[in-house]
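Please open the structure in your viewer and keep the selection tool at hand. The tour proceeds by selections, each followed by a description of what is found there.

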Amino acid sequence: MSAPRDRTYTRLLHAGAPPFVDGVAPVNVPLVRASTLRFERDATRAELHHRREAGEPVATYGRHGSATHRALEAALGELEVAQHLLLAPSGLAAISLTFIALLSPGDHVLVQDSVYGPVRERVEPLLSRLGVSFSYISAGAGLPADKVRPNTRLIYVESPSSFLYEVIDLPALAAFARAHGALLAADNTWGAGLLYRPLELGADISIQAITKYVGGHSDLMQGAVAVRNNAIARRLAETHDSLGLFVSPDDAWLALRGLRTLAVRLAQHQRHALEVAHYLADARDVVERVFYPALPGDPGHTLWKRDFHGANGLVSFSLRGARQTDAVAFVDALRLFGIGASWGGFESLALIAPASRLAVHSYAHGDAPVVRLHIGLEDPRDLIEDLAQAFRRIAG
Ligand SMILES: *Cc1c(COP(=O)(O)O)cnc(C)c1O
C-alpha cells in the first residue's frame, strides 16, 4: 500500500483539530451534545438562520449537528477530496438519500448489477413507487450505450463490487455519464476514501458506509455522502434536512477516532489479506478461484493498479466441486473466523455469499459456492491454520 502523493495521511490526522481556547486545546475534538442551542441575542439567531437558509453548514438547532459533526465532516472531506460532506445514520441511508435527492418521477437510473444487494432489494422498490425506473448494467464489461435513455439522470456503481470485487473503469464511465447528461455516483465503502477517490476520477458523488473501515471496530453504524459541486450539494442538503437525518454526536466522535488510525489498519488488513489470498490461490485441490484485485491474475488487477492506492481485507473464493452444504460445513468448522456480514472491523469474518445475490451479478461464474473472508488484524499464520483445518474437515 503506497501513501497517496498529496499527503492525505497527514491531513487526515490533523483535519478538524479543536482550536486553542486560552492557549490550550485537547488533541481530540470535544463531544458536544445538544438539541436546543441558545443565542446571546435575537440578531445572532436571525443571522445564523439566514446563513443556513443560504446553504452554509451552520447550526441553529441540534438536528443540524455540533462541532463534533463539523470536525468529522472536515476530516472525511479531506479523505474524499470533497467540498461538501453529509453524514447519514447508516451506509444504506446515505445511498437512499442520494437517490431520493437526485431523482424525480419519470427519471431513469442505471445501476451496476454487482452493487451492494439492498440497493436492488430496498432502494429500487422505494424509488419505483415514486415513479423512477431502473435498469441494471454490467459496468465492468464496457460502456452501457445500449441501456442509456434520454431520461437517464443517474448512473450508480460500486468498484470493486460486493462479494466478487469487479473493478470498473470509472474515468471512462464518468466521461460517458457526462456526455449523456447523467450524474455518476459511486459507493466507495471498499476503498474507505483512502484507497480510492471516485470524485478525483470523475464521479459526481462518493458514498461510504462509515460502518465498515472508518468505524473499524464493529460497533458503529454510519454513512457519508461526499460531493464537489455546489448545486448537487445543495440538493442533497435540502433532502437531508427534509428527511430529518441525524447522526448522534457520540457516533460522530467514534467515527473520527476510527479515522485517525484508518491508514495503519488498512495497511495491515492488506498485508494479511495478500498472504491469505496467496495461500488460497495455492490450495488448488479445494479452491477453484480467488477473488482479490491486488492478486496478479485477478481480472481487475490492471485497473486496480491504475486507480487505487491499495487493497483491503476482503478476499473471496469459490470451493472446487462443492455444494452449498460443503460451504456451510466449512464456515461452521472455522474457529478463529466469526460468521458475520458487516466487515471492516479488526476481526476476521467468514460469510457464504448468498446464491440469490450472486445470481444477479453478471460478473459471477458457475455454481460453485463462494465464501467471503474479511481478513482482520490477527496473525495471518493463525488465520491460515484455521482455514487449513476447516478444509481438512470438509475433505475428510
Ligand atoms: C455495508 C455496506 C453498505 C451499507 O452500510 P450500512 O452502514 O450497513 O447500512 C453499503 N455499501 C456497501 C458496499 C457495503 O458494504
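Select helix H4, residues 91-102, in this predicted model. With 3 residues, helix H4 gives the most to the shell around the ligand.

Next, select the ligand together with the 13 residues around it. Those that come nearest are Gly91, Leu92, Asp187, Thr211 and Lys212. By class, this shell holds 6 nonpolar, 4 polar and 3 charged residues.

Now display the side chains of three of these neighbours. A polar side-chain atom of Asp187 lies 2.6 Å from a nitrogen atom of the ligand. For Thr211, a polar side-chain atom is 2.6 Å from an oxygen atom of the ligand. In Lys212, a side-chain N or O atom lies 2.6 Å from an oxygen atom of the ligand. The protein covers 92% of the 380 Å² of accessible area that the ligand has on its own.

Which pocket does the ligand occupy? The ligand takes up the space of the second largest pocket, whose volume is about 460 Å³. Select Tyr116, Lys212, Ala341, Ser342 and Trp343, which lie nearest the centre of this pocket among its 28 lining residues. Helix H4 and strand S6 (205-209) each supply at least two residues of the lining.

Finally, turn to the largest pocket, with a volume of about 830 Å³. Of its 33 lining residues, select Arg52, Glu56, Pro57, Leu86 and Ala237, which lie nearest the centre. Then select helix H7 (230-242), which gives the most to this lining, with 7 residues. The lining as a whole divides into 12 nonpolar, 12 polar and 9 charged residues.

Methods
Residues numbered from 1 in each chain as written. Predicted model: local features only at pLDDT ≥ 70, side-chain atom pairs only at ≥ 80, totals over all residues. Heavy atoms only, no water. Near = heavy atom within 4 Å. Polar contact = N/O pair within 3.5 Å; in protein donor to acceptor, adjacent residues only side chain to side chain. Areas by Shrake-Rupley, 256 points an atom, 1.4 Å probe, with all protein chains shown as cover. 1 Å grid on protein atoms, 1.4 Å probe; cavity = no way out; pocket = protein on both sides within 12 Å on 5 of 7 lines; lining within 4 Å. Sits in = over half its atoms within 2 Å of the grid points. Helix = DSSP H or I, 4+ residues; strand = E, 2+ residues; numbered from the N terminus. Nonpolar A, V, L, I, M, F, W, Y, C, P; charged D, E, K, R; others polar. Points joined across faces, edges and corners; volume = space filled by probe spheres on them.
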